[in-house]
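Colleague: I'd like to learn how to read helix packing and chain contacts in a model. Could you take me through it?

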Amino acid sequence: MGNLMMSLQAVTQWEVLLLMLIGVIMGIIFGSIPGFTITMAVALTLPFSFGLEPLSGIALMMGVWLGGASGGLISSILLGIPGTPSSVATTFDGFPMAKKGEPGRALAIGLWSSFFGSLIGGAILIIGAPLLSQWAIQFGPWEFFALMVLGLSAIASLGNGSLIKGILAGLLGMFFGMFGLDPVLGTERFTFGAVSMMAGFSYLPVLIGIFAFSQLLSEIGKHSGGKSEVDTKISLSYPIGKTLKDMGGSFVNVIRSSIIGTIIGALPGAGSSIANIMSYDVAKKLSKKPELYGTGTKDGVIAAETANNSSEGGALIPTLALGIPGSAVTVMMMGALLVHGIQPGPYFFVSQPVLAYGIFLSFFISAILMLVVQSLGIRLFLKINDIPMHFLLPVVIILCALGSFALNNRVFDIWVLLLFGVIGYLMKNSGFSLPAFVLGIILGPLTEENLRRAVATSSDLTLFFTRPLSGVILVLAILSILYGIITEIRYTKKMKQLETESSSDL
Amino acid sequence: MNHDRIAGIVILVFCAFFYYQSFGISNQNLTGLEATFFPRVLLVGIAALALLLLIRSFFIKSAAVKKVEQGEESGPSRKWWKVPLIFVLFAIYILLIDILGFTFSSFLFMTIVYLIAITATPLKKTVKKHAVSIGFLLVVSITLTFIFERFLSVYLPKGLFF
């Protein structure tokens, strides 16, 4: 209780609240621009957090994340273009609803759904993460190795429709994590005699290069923004009382979609985009009037938006409790924690309880700020869509360079940014999964370290399977790989089916 | 040649190069597994999958090839050179940071990228509008320098000018 109060005191300082507010605004801005992603927003905001206290920095990142998660709904509802991949299903009913002359109602329902989704996902995070870490605290190197394999199993779900390319991207990422001094004996590997290479590639320029720099260049020639078919001169405001009545009428849908979102978010490799689609699909199947889905029903918007926001809370459970991020954005969040000297994992809750509670609290406060900022600034955020790409592109590239430089105050890291920007661009254009690559970079060195520690302790390799916890986790990893393959196939099919149904209904 | 075939070949060459390089790593077998063990296992796995990708590329047509055959895409875009050009310009920018300083080299780079990006759009702008836009980029580079140096204690390279 004392730790909780200390965290509350730290998080409610006006500087921290201001940082969260800035983060939420930045997240919503990035989420509103089609082509820009939440991951990109987190990557670009990270350098601004270097000079801050760890909790302040993480609070800023949390604001960006939650703001970004809800930012996609504006362009989804008013333009029919998903601002982020996690708001694809929001367009199915949000856009028709807006076209029918109810843009204010659609936005209000989407916004409050995001808010309730965040609250429920956050509540499950608070209960689930410490429990999971208590269980994991008895782990030895065998269990940690198995855990890393479980984390890497997410690669099977991140393949963009090609399992071979997904695994290849993951293994390549793991290999790039091998550069520098080896984690057990400190032997130099692939440094080519350069002192700058001793510590390997820093996470930050790699992450910015892969997620921001390479993706930005894909946007050359594209126009940000789009013409709205919705009459935005109609009032975009909608009374809170009526919105809450709408939400109350779909109470079961809110709870069910939030739980689905949280569970999917917690699974390795299944992020908010899958949660958004799956939850919509379940809501449609269980509805008494499934024929209304795709024509502008509030339940479609509720299912899609609660799930994608609650999945963020779910995704933080394995990231904080076990140190295994399962999606691109949690990889970025874990990178943010590592940059601030925080090692997520089973010991995190024991060694830094104030910080852990601070992260939970900043999650909730960011959700509240997101609701307030979105409610007040919807028209303004819609205007951001009109900023031309030829302005955004050079400014954001320079932000990438600045972010990379600021980490260690050395130009070498900007070269790393360029290298991984080129690699990311080539991989993206050849259909390789960038999240799988980055997951490999983060988890590769940890996997090697635990494998070598385990073998150094005992040369008996059967221990990986005969130690009960290690064996169970490895079985879970195999099941996760199978689940990932099946889900990937189903998700791709479902996306095509829902998009066809939605366009034929319009 | 389709993307998968090129990717397969490039990755195989990559694996061969780094496998050869791994012989330069000094091995001290104190912990059971040597420092070369894990990288080599990874390289073998990567090479095996790259080979599979390469073989598959001869039997399965990639989506891009299918699109071209179905007439959905009429070959490579005329704007394809812009991205490699920006990568080259970015490398020059990195080299110039220490000479011209962060603020000035960033302004130069942003201006060039802006001009490249705007030619990719159908927009027509007057000289006056271009001047305003470039002025805006100058303000951005000065503001970023100010924020990072003043508030975030990041000391940016000064170079000859700033």
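Modeller: Gladly; we'll go from chain B to the contact between chains, and then to helix pairs.

Modeller: This is a predicted model, in which local features need pLDDT of at least 70, side-chain atom pairs count only at pLDDT 80 or more, and totals for chains, interfaces and linings use all residues. Residues are numbered from 1 along each chain as its sequence is written, while chains are lettered from A and ligands numbered from 1 in the order in which they are written.

Colleague: How many helices and strands does chain B have?

Modeller: Helices (H or I, at least four residues) and strands (E, at least two) are DSSP runs, numbered from the N terminus. Chain B has 6 helices and 0 strands.

Colleague: Is B:V41 buried, partly exposed or exposed?

Modeller: We count other C-beta atoms, placed from the backbone, within 10 Å of the residue's own: 20 or more is buried, 12 or fewer exposed, and in between partly exposed. B:V41 counts as partly exposed because it has 16 C-beta neighbours inside 10 Å. It sits in helix 2 (residues 37–59) of chain B. Across chain B, 25% of the 162 residues count as buried.

Colleague: How many residues does each chain bring to the contact?

Modeller: Two residues are in contact if their C-beta atoms, placed from the backbone, lie within 7 Å. Chain A brings 45 residues and chain B 48 residues. On the chain A side, helix 17 of chain A gives the largest share, 9 residues. By class, that side of chain A has 32 nonpolar, 9 polar and 4 charged residues. Here Ala, Val, Leu, Ile, Met, Phe, Trp, Tyr, Cys and Pro count as nonpolar, Asp, Glu, Lys and Arg as charged, and the others, Gly among them, as polar.

Colleague: At what angle do helix 8 of chain A and helix 2 of chain B pack?

Modeller: Axes are lines fitted to C-alpha atoms, for helices over the stretch in contact, and angles run from 0 to 180 degrees between N-to-C directions. These two helices pack at about 155°, with axes 9 Å apart. Helix 8 of chain A and helix 2 of chain B are therefore roughly antiparallel (the term for angles over 145 degrees). Residues making this contact include A:L168 and A:F175 of helix 8 of chain A, and B:L42 and B:L49 of helix 2 of chain B. The contact residues divide into 15 nonpolar, 1 polar and no charged.

Colleague: And what about a pair inside chain A?

Modeller: Helix 6 (residues 103–136) and helix 10 (residues 240–249) of chain A pack at about 60°, with their axes 10 Å apart.

Key. Angles under 35 degrees count as roughly parallel, over 145 as roughly antiparallel, 65 to 115 as roughly perpendicular and the rest as oblique.
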